[in-house]
Amino acid sequence: MKKLIFIIAVSLTSSFKAQVLTPKASPIAKIQQNVGLADIIIEYSRPSVNGRVIFGELIPYGKMWRLGANQNTIFSTNQNLFFGKDTLYTGSYALFAKPGENNWEFYFYKDYSNWGLPEKWDDSKVALKVSASAGISKEFTENLTLQFEELKSSSAKITLTWAQTKVTLPFALDTKTKVLASIDKTMAGPSANDYHAAATYYFNENLDLKQALEWSTKAVEIRGANAYWMTRLKAQLQAANGDYKGAIETARISIQAAKADGDDAYVRANEQSIAEWSKKR
């Protein structure tokens, strides 16, 4: 009987221990960002300053750092990224860093399965080494923070901030080639939406605006004047090609359809454009 009571007591003690949960000192974060046609993911742990001097003391200058705490920081991309003249190819990598007072080095390492720094560093596994400038952040950051800034269709910047240090790592993508290839392929049998999407991209990127106007006109012909978002783009392209009179007429058509649909934002946008174009015709 005493043996049975002992077994039950031990079992209950183990059960109580299994239920104790404590927060991690360095919480895990996962950021997902779409840049152009790329989907990029960074998974990392976020240690805190906690009153310590970080760079130069806790993390020495000139020595490799796992860029976070606990398990490796993992960087994944489904499109090739360009850091200056160098290319980071599609895949997943462990991301390490070597901090310096003014400049940092980042290492995209092919083996991302280990915990922290590799026991034996293998240069052949370095997919890419990139240098970046470090500066002083205007705001104090308690937890290590990685994020994306200045997002554009073909570029962005990865920023690291911790304590009062900020490091910026810009990169680019070949979005244009992929979009143009997609447009060329789709134009073999495009719908109104395909024409409109192609014209929108050309308009936003300031490419061949005459070609863009042709596509926009075809989109309106197929979809009809009630598609006020399409007639709005056509009006903008007419103006961009110097046909302000035609642009104003088309914008008025867009206004009528937008009013019928109750879309005040398009009504206001067209009215503002008409006021601007009226001064130029």
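This briefing covers strand pairing, one helix, a cavity and two residues with unusual backbone angles. The model is predicted. Strand E7 (residues 103–109) is largely enclosed by the rest of the structure, since five of its seven residues are buried. Helix H7 (residues 264–278) packs through its buried residues against helices H5 and H6. A search of the whole structure finds one cavity of 30 Å³ or more.

**Strands E1, E2 and E3**

- Strand E1 (residues 28–35) and strand E2 (residues 38–45) run antiparallel and are joined by eight bridges.
- Within this pair, Val 35 stands opposite Ala 38 of E2.
- E1 and E2 form a hairpin, with two residues between the strands.
- Gly 36 lies in the turn of that hairpin and has a positive phi of about 60°.
- E2 also pairs with strand E3 (residues 74–77), to which four bridges join it in the antiparallel sense.
- Ile 41 stands opposite Ser 76, a residue of E3.

**Strands E6, E7 and E8**

- Strand E6 (residues 91–98) pairs with E7 in the antiparallel sense over five bridges.
- Tyr 107 in E7 is the bridge partner of Phe 96.
- The connection from E6 to E7 is a hairpin through four residues.
- E7 also pairs with strand E8 (residues 126–149), in the antiparallel sense and over seven bridges.
- Across that pairing, Phe 106 stands opposite Val 130 in E8.
- Five of the seven residues of E7 are buried, so the strand is largely enclosed by the rest of the structure.

**The cavity**

- The largest cavity has a volume of about 60 Å³.
- Among the residues that line the largest cavity are Ile 42, Leu 67, Leu 95, Phe 106 and Leu 146.
- The lining also includes Ile 158, Thr 159, Leu 160, Val 167, Thr 168 and Leu 169.
- Strand E9 (residues 155–172) gives the largest share of this lining, with six residues.
- Phe 106 therefore appears in two settings: it stands opposite Val 130 in E8, and it lines the largest cavity.

**Helix H7**

- H7 has 15 residues, which at 1.5 Å a residue should span 21 Å.
- The end C-alpha atoms of H7 are 21 Å apart, which agrees with that expected span.
- The buried residues of H7 are Val 267, Asn 270, Ser 273, Ile 274 and Trp 277.
- These buried residues cover an arc of only 135° around the axis, which puts them on the same side of H7.
- They pack against helix H5 (228–240) and helix H6 (244–261).

**Two residues with positive phi**

- Most residues other than glycine have a negative phi.
- Ala 163 has a phi near 55°, a positive value in a residue other than glycine.
- Ala 163 lies in strand E9.
- With a relative accessible area of 13%, Ala 163 is buried, as the cut-off for buried is under 20%.
- Asn 206 also has a positive phi, near 55°, and is a residue other than glycine.
- Asn 206 is placed in the loop between helix H3 (192–204) and helix H4 (209–223).
- At 56% relative accessibility, Asn 206 counts as exposed, for which the cut-off is over 50%.

How values were computed:
Residues are numbered from 1 along each chain as its sequence is written. This is a predicted model: local features need pLDDT of at least 70, side-chain atom pairs count only at pLDDT 80 or more; totals for chains, interfaces and linings use all residues. Side-chain values use heavy atoms; hydrogens and water are left out. Two strands pair if DSSP finds at least two bridges between them. The expected span of a helix is 1.5 Å times one less than its number of residues. Buried means under 20% relative accessible area, exposed over 50%, partly exposed in between (1.4 Å probe, protein chains only). The arc is that of the directions from the helix axis to the C-beta atoms. Contact means heavy atoms within 4.5 Å. On a 1 Å grid over the protein atoms alone, a cavity is a set of points where a 1.4 Å probe fits but cannot get out, and a pocket is an open set with protein on both sides within 12 Å along at least five of seven lines; lining residues have an atom within 4 Å of a point. Grid points are joined across faces, edges and corners, and a volume is the space filled by probe spheres set on the points.
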